[in-house]
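Here's a quick tour of a structure worth scrolling through slowly. Have the sequence and the model side by side as you read.

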Amino acid sequence: MNGARITVRLACVYAAFLGCTPASGAEAFITDQTGEVSVLDLGSKQVVARIPVLGKPAGIAMSRDGRTAYVTSTEGKYVSVIDTASRNIVAKIAIPDTPLGIAADPAGRFIYVAGFYQPRLYKIDLATGTIAASVEVGASPSGVALTPDGALIVTADRDDNQISIIDAKTFARKGTVKVGAHPFGVTIDPQGARAYTANVESNDVSVVDLKEAKLLGSVAVGKRPYAVALAKGRGFSTDQYGGTVSVFDLATLQPVTRISVGDYPEGIETSADGNSVYVVNWFSNEVWAINTETLAVTLKMPVGDGPRAFGTFLRETL
């Protein structure tokens, strides 16, 4: 182990001597609507691989260990299973409806895929690559999220202006909670206590107590919010029409500020250390990083054409 540490340190010194940037130990897997997943090294700020994925890929879920990415193709009606180390598609799982939102359970046994039109949530057994169960949810389910323990699943039911709360063990819907108009992305806090929905038509974020299954409140954000990230006591929403990220206080549900980003921001996720949020700008083909303490934009990185990355797209590599 000591030898390995020395080797890594020498490699970093050598990289610095050459003027290179040592590996950051983090990558972003970005779904590009034109038919690929771009792998962005967050240290070098470069796209290091492009994985062909047809059918207008949009949604993505990263396994907890970062070894596998699951990508929904909205026009292909399937989920592509990507080995993140080799950059290869190792399986395709057929879905009987148009898939959009997707989430991976923390134990690595199942993925959960929202069928947009029927509408249902599908439980996929990863060992067999087949649908193990499905449950009816509200109209046009979009985002999907799990509590950190994997016990509850939440879907954002866009056209019913609600979330559905599903028991992962029984795969039965426990209840629904009305939120703002047309919820799209949904995010659950690290405690598994609250869900946050980005409501596209009411320009706000709803906050739901999952244990009590009740609406706690809402906070006004920018135009057409699509997804939410959480970091250091703050929420961050991507506002597509506003070209901004709205920042709000999680304790008071009061707005803090709005940060100008690229065109049509959609995907957003917090880094593992909580120090940055990464914003995927659909129309300007970039990923931006925002420091969660200072709220300053720290990086702007080009990716593929039409990036969305709707879901969890970050992985640690070291």
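Strands here are DSSP runs of E at least two residues long, numbered from the N terminus. With that naming, the place of R224 is in the loop between β19 (214-220) and β20 (225-231). Keep in mind that this is a predicted model. The protein averages a pLDDT of 93, and 92% of the residues score at least 70. The weak spot is residues 1-23, where the pLDDT is below 50; beyond near neighbours in sequence, that stretch has six contacts in the model.

**The cores**

Which residues touch the most other members of the largest nonpolar core? Out of 26 residues, the answer is F29, I30, L42, I82, Y278, V287 and F313. Several strands each supply at least two residues of this core: β1 (26-32), β2 (36-41), β3 (46-52), β4 (57-62) and β5 (68-73), plus β25 (276-281), β26 (286-291) and β27 (297-302). The most comes from β1, with four residues.

F313 is a good one to click on. Leaving aside neighbours within four places in sequence, F313 is in contact with E27, A28, F29 and I30, with I60 and M62, with G267, I268 and E269, and with Y278 and V280. There's also a second, separate core of 14 residues, and A227, F236, V279 and I290 are among them.

**Two open sheets**

Strands of a sheet pair through backbone hydrogen bonds, either parallel or antiparallel. One open sheet of four strands here runs in the order β8-β9-β10-β11, with antiparallel pairing. Its edge strands, β8 (99-104) and β11 (130-136), each pair on one side only. On average, neighbouring strands of this sheet are turned by 25 degrees against each other, ignoring direction.

Another open sheet of four strands has the order β24-β25-β26-β27, and the pairing is antiparallel here too. The edges are β24 (265-270) and β27, each pairing on one side only. Neighbouring strands in this sheet are turned by 20 degrees against each other on average, again with direction ignored.

Here are three antiparallel pairs, each with one pair of residues standing opposite one another:

| Strand pair | Bridges | Opposite residues |
|---|---|---|
| β8 and β9 (110-115) | four | I102 and V113 |
| β22 (244-249) and β23 (255-260) | five | S246 and R258 |
| β25 and β26 | six | Y278 and A289 |

Y278 thus turns up again: A289 in β26 stands opposite Y278, and Y278 is one of the core residues that touch the most other members.

**Backbone oddities**

Most residues other than glycine have a negative phi, and most peptide bonds are trans. So where are the exceptions?

Start with the hairpin of β22 and β23, which has five residues between the strands: L253 takes a positive phi near 55 degrees there. R87 has a positive phi of about 65 degrees although it is not a glycine, and R87 is found in the loop between β6 (78-83) and β7 (88-94). R224, not a glycine either, has a positive phi of about 60 degrees.

Is R224 buried, exposed or in between? With a relative accessible area of 25%, R224 counts as partly exposed, because buried would mean under 20% and exposed over 50%.

Finally, the peptide bond from Q118 to P119 is cis, with omega near -15 degrees. P119 has its place in the loop between β9 and β10 (120-125).

Notes: Residues are numbered from 1 along each chain as its sequence is written. This is a predicted model: local features need pLDDT of at least 70, side-chain atom pairs count only at pLDDT 80 or more; totals for chains, interfaces and linings use all residues. Side-chain values use heavy atoms; hydrogens and water are left out. A nonpolar core is a set of buried Ala, Val, Leu, Ile, Met, Phe, Trp, Tyr and Cys residues joined through side-chain atoms within 4.5 Å. Buried means under 20% relative accessible area, exposed over 50%, partly exposed in between (1.4 Å probe, protein chains only). Contact means heavy atoms within 4.5 Å. Two strands pair if DSSP finds at least two bridges between them. Axes are lines fitted to C-alpha atoms, for helices over the stretch in contact, and angles run from 0 to 180 degrees between N-to-C directions. pLDDT is the predictor's confidence in each residue, from 0 to 100.
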